[in-house]
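Trainee: I am new to this structure, and I would rather understand one part of it properly than skim the whole. Please choose a single region, look at it closely, and tell me how it is packed and how far I can trust it.

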Amino acid sequence: MYIYSLRILLATDVMALFATNVSCVYLLSWVILHEQFVGVRIVAVILCNTGIALLAYMDGITGSPTLGGVVLATSAAAGSAVYKVLFKKVIGETTFGQMSLFFSLIGLCNAALLWPICLALYFSGAESIQWGRLPWTALLSASILHLIANMLGNFSIALTYDLFITLGLITAVPVSAALDVLLYGAHFMGMKLAGMIFIAVGFFLVMFPDNWPDYITRLLRFNYRWSRRHGHGVSGGTQRDVIDYRTGYIKSHLRSPSGRVR
């Protein structure tokens, strides 16, 4: 579904829609894994859904394949979320060896079960392959990059935080947008731009930690203490009155150091 949606939409649109899988992961984690409920993440889910709706109707309703492409990309994101949550529930934390075995078995299952579908599509005429016209360089480059991306995305969890890997989804959107503008002359405006902004904001809200109000409280306390310390030093651009706590003397133009009135 992800690859087929690339035939209908720009790569930037598909990546932005696929980035909404983080909101699906949160909802499924809340229901299946019984994760903590965080109100701001529900707001993030609403923003992501709003962005999906804006992208679905950015080219109108009638006579446009955009809606079908958005449905395909969003379904791919939902399927990815289901896979991640079930992987976490069934397998849980894994080592390098277990991850290697798991993905090796997936590759063997693909090779054993999917080749009849390819032959059926070819001999039925649904997909005709003209070997001489295939862009072998582009296909091999895309295959190698896709393999590297999957290996980095799945094996780097054991080396770094999952948050950094997830951020790669949204950081790829502006890079892809720049390439679409340069290579295909794409324009991002109106409902398309608004939908991507909604999805990006919802993405970052989902990434908020569970105890994010505590961080805001600490930040406010730090700012309050800093402002009080800063206020004791300078007020109105002039230095405050100097107090000698040993003698109780307050610097004044009306009294001498001994306390007598001048």
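**A close look at helix H2 and its surroundings**

Mentor: Let us approach from the side, since Ser 23 is found in helix H3, where helices (H or I, at least four residues) and strands (E, at least two) are DSSP runs numbered from the N terminus. This is a predicted model, in which local features need pLDDT of at least 70 and side-chain atom pairs count only at pLDDT 80 or more, while totals for chains, interfaces and linings use all residues. Residues are numbered from 1 along each chain as its sequence is written, and side-chain values use heavy atoms, with hydrogens and water left out.

Ser 23 has a relative accessible area of 4% and therefore counts as buried (under 20%, with exposed meaning over 50% and partly exposed in between, for a 1.4 Å probe and protein chains only). Apart from residues up to four places away in sequence, Ser 23 touches Val 45, Cys 48 and Val 206, a touch or contact being heavy atoms within 4.5 Å. Val 45 and Cys 48 fall in helix H4 (39–56), and Val 206 in helix H10 (190–206).

The part I would like you to study is helix H2, residues 11–18, which has the highest confidence in the protein chain, at a mean of 92. That value is a pLDDT, the predictor's confidence in each residue from 0 to 100. Over the protein chain the mean is 81, with 82% of the residues reaching 70 or more. At the other end of the range, strand E1 (residues 234–235) has a mean of 44, and pLDDT stays under 50 over residues 233–241, a stretch for which the model has five contacts beyond four places in sequence.

H2 is mostly covered, with six of its eight residues buried: Thr 12, Asp 13, Val 14, Ala 16, Leu 17 and Phe 18. Set this beside the protein chain, where buried residues make up 23% of the 262 residues. Helix H1 (residues 2–5) holds Ile 3, which counts as exposed because its relative accessibility is 67%. Ile 3 and Val 14 of H2, 11 residues apart in sequence, are 9.1 Å apart in space from C-alpha to C-alpha.

What does H2 pack into? The largest nonpolar core has 28 residues, and those with the most contacts inside it are Leu 9, Leu 17, Leu 55 and Val 70; such a core is a set of buried Ala, Val, Leu, Ile, Met, Phe, Trp, Tyr and Cys residues joined through side-chain atoms within 4.5 Å. At least two residues of this core come from each of H2, helix H3 (21–32), H4, helix H5, helix H9 (162–184) and H10, and H4 gives the most, with seven. Leu 55 shows how several of these pieces meet, for if we leave aside its neighbours within four places in sequence, it is in contact with Leu 17, Thr 66, Val 70, Lys 192, Gly 195, Met 196 and Ile 199.

One neighbour of H2 deserves particular attention: the axes of H2 and H10 come within 9 Å and cross at roughly 30°, where axes are lines fitted to C-alpha atoms, for helices over the stretch in contact, and angles run from 0 to 180 degrees between N-to-C directions. On the H2 side the contact is made by Thr 12, Asp 13, Ala 16 and Leu 17, and on the H10 side by Lys 192, Met 196 and Ile 199.

Met 58, in the loop between H4 and H5, has a relative accessible area of 15% and so is buried. Beyond four places in sequence, Met 58 is in contact with Leu 9, Asp 13, Thr 66, Met 191 and Lys 192, and Asp 13 and Lys 192 also take part in the contact of H2 with H10. The C-alpha atoms of Met 58 and Gly 195 are separated by 8.7 Å, although the two lie 137 residues apart along the chain.

Lastly, at the end of H2, Phe 18 is touched by Ser 80, which also touches Asn 21. Ser 80 lies in helix H5 (residues 66–90) and is buried, because its relative accessible area is 14%.
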